[in-house]
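Visitor: I should like to go through this model step by step, with the reasoning behind each reply. Please take the questions in turn.

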Amino acid sequence: MATYKNIVLFIPHSSNNLDKSLWSGDIDAALDRWTDWHTDKLFDSDDRRISKVIVPFSRFHCDAERLINDPLESIGQGIAYQNIEGCTRYLSDEDRQNIHNEYYAIHQELKDKAKPGSLIIDCHSFPCDLAPEVDICIGYNEDDSKPSDAVLNMVIDHFREAGFRVGVNNPYSNSMRVTASIPTFMIEFNKALYLQRDGKTLCSDAYKKNFILKQLYKKLLED
């Protein structure tokens, strides 16, 4: 099985940093549901071979995982969100350009850290009602950035052996991509696994999930 010189953890949705005054409607409810609370802590590692790109603002300000000319632009959910669950935001052309500049800066940081020999892990969580039968979702792209079957099978087996129910490209698929030469896959935790009932506060045993992730990182990295 292939191993990697280093891992880049891409954590795009852990922040709730948002200018709420620009939004109409109950944006707090949308933030509560769609922020990947504490994934910056859940996926953390102090291994010197592991670096992180953590987006410092809410996905509703700038979603670094959307594409240029993303199809979701048509419903106001592209790079610069203007609509989510009945909430709306007005953006001027200048606002939109500033947000796109932030988007490009995040992508440049990821490109700078993801060198040949790297692996990107796209780090997320999902609301438990989306797929209550899935504890952990493993997602990947159906292109040259897909890791080998041996790597993916090892990752899936790692979580299954730890007692988790694993969904493959379910409830989400794909993963953050830099170039075809840099393999990438996504890990999504069901929020019920590591958050309390309020959906925002870490459970007391969240460190156990972090330990399982650190064990996985070791398997993926070169000895």
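Visitor: Does Ser-145 count as buried or exposed, and at what relative accessibility?
Guide: In this predicted model, Ser-145 is placed in the loop between strand S7 (136-139) and helix H4 (149-161). Residues are called buried under 20% relative accessible area. Ser-145 therefore counts as buried, its relative accessibility being 0%.

Visitor: Which side chain makes a polar contact of 2.5 Å with that of Ser-145?
Guide: Leaving aside residues up to four places away in sequence, Ser-145 touches Arg-177, Thr-179, Ala-180, Ile-182, Pro-183 and Thr-184. The polar contact of 2.5 Å joins the side chain of Ser-145 to that of Asp-143.

Visitor: With which residue does Arg-177 form a salt bridge, and how far apart in sequence are the parts that the pair ties together?
Guide: Arg-177 forms a salt bridge with Asp-143, and the closest N and O atoms are 3.2 Å apart. Arg-177 lies in the loop between strand S8 (166-168) and strand S9 (184-190), while Asp-143 lies in the loop between S7 and H4, so the pair ties together parts separated in sequence by 34 residues.

Visitor: Into which accessibility class do Arg-177 and Asp-143 fall?
Guide: The class between buried and exposed runs from 20% to 50% relative accessible area. Arg-177 has a relative accessibility of 39% and so counts as partly exposed. Asp-143, with a relative accessible area of 32%, is likewise partly exposed.

Visitor: Which residue is the salt-bridge partner of Lys-113, and why are the two separated by about one helical turn?
Guide: Lys-113 and its partner are 4 residues apart in helix H3 (residues 93-113), which means a separation of about one helical turn. Lys-113 counts as partly exposed at 31% relative accessibility, and the partner is partly exposed with a relative accessible area of 28%. The closest N and O atoms are 3.3 Å apart, and the partner is Glu-109.

Visitor: Does Lys-209 count as buried or exposed?
Guide: The side chain of Lys-209 meets that of Asp-205 in a salt bridge of 3.4 Å, N to O. Asp-205 is partly exposed, with a relative accessible area of 26%. Lys-209 has a relative accessibility of 11% and therefore counts as buried.

Visitor: How many salt bridges does a search of the whole structure find?
Guide: The pairs discussed above include Lys-113 with Glu-109 and Arg-177 with Asp-143. For the whole structure, the search finds 12 salt bridges.

Visitor: Which side chain of opposite charge is nearest to Asp-70, and at what distance?
Guide: Asp-70 is found in the loop between strand S3 (50-54) and strand S4 (83-84). Its side chain reaches the backbone nitrogen of Leu-72 at 2.9 Å. A salt bridge requires a nitrogen within 4 Å of a carboxyl oxygen. Asp-70 is buried yet has no salt bridge, since the nearest side chain of opposite charge is 4.7 Å away and belongs to Arg-66.

Visitor: How many residues of strand S1 (residues 6-11) are buried?
Guide: In a regular strand the side chains alternate between the two faces of the sheet. Asn-6, Val-8 and Phe-10 on one side of S1 are buried, as are Ile-7, Leu-9 and Ile-11 on the other, so both faces are covered. The strand is largely enclosed by the rest of the structure, because the buried residues number 6 of the 6.

Visitor: With which strands does S1 pair in the parallel sense?
Guide: Phe-10 has Asp-122 in S6 as its bridge partner, and Leu-9 has Lys-52 in S3. The pairing with strand S6 (residues 118-126) is parallel over 5 bridges. A parallel pairing over 5 bridges is also found with S3.

Visitor: What is the order of the open sheet of 3 strands with antiparallel pairing?
Guide: S2 and strand S5 (residues 87-89) pair in the antiparallel sense over 2 bridges, with Trp-23 opposite Arg-89 in S5. The open sheet of 3 strands has the order S2-S5-S4. Its edge strands, each pairing on one side only, are strand S2 (23-24) and S4.

Visitor: What is the radius of gyration of the chain?
Guide: The chain has 5 helices and 9 strands. The globule rule gives 17 Å for 223 residues, and the chain is close to that value, so it is as compact as a globular protein of that length; its radius of gyration is 17 Å.

Key:
Residues numbered from 1 in each chain as written. Predicted model: local features only at pLDDT ≥ 70, side-chain atom pairs only at ≥ 80, totals over all residues. Heavy atoms only, no water. Buried < 20%, exposed > 50% of the residue type's maximum accessible area, 1.4 Å probe, protein only. Lys, Arg positive; Asp, Glu negative; His and termini not counted. Polar contact = N/O pair within 3.5 Å; in protein donor to acceptor, adjacent residues only side chain to side chain. Pairing = 2+ DSSP bridges. Contact = heavy atoms within 4.5 Å. Rg over C-alpha atoms; globule rule 2.2 N^0.38 Å.
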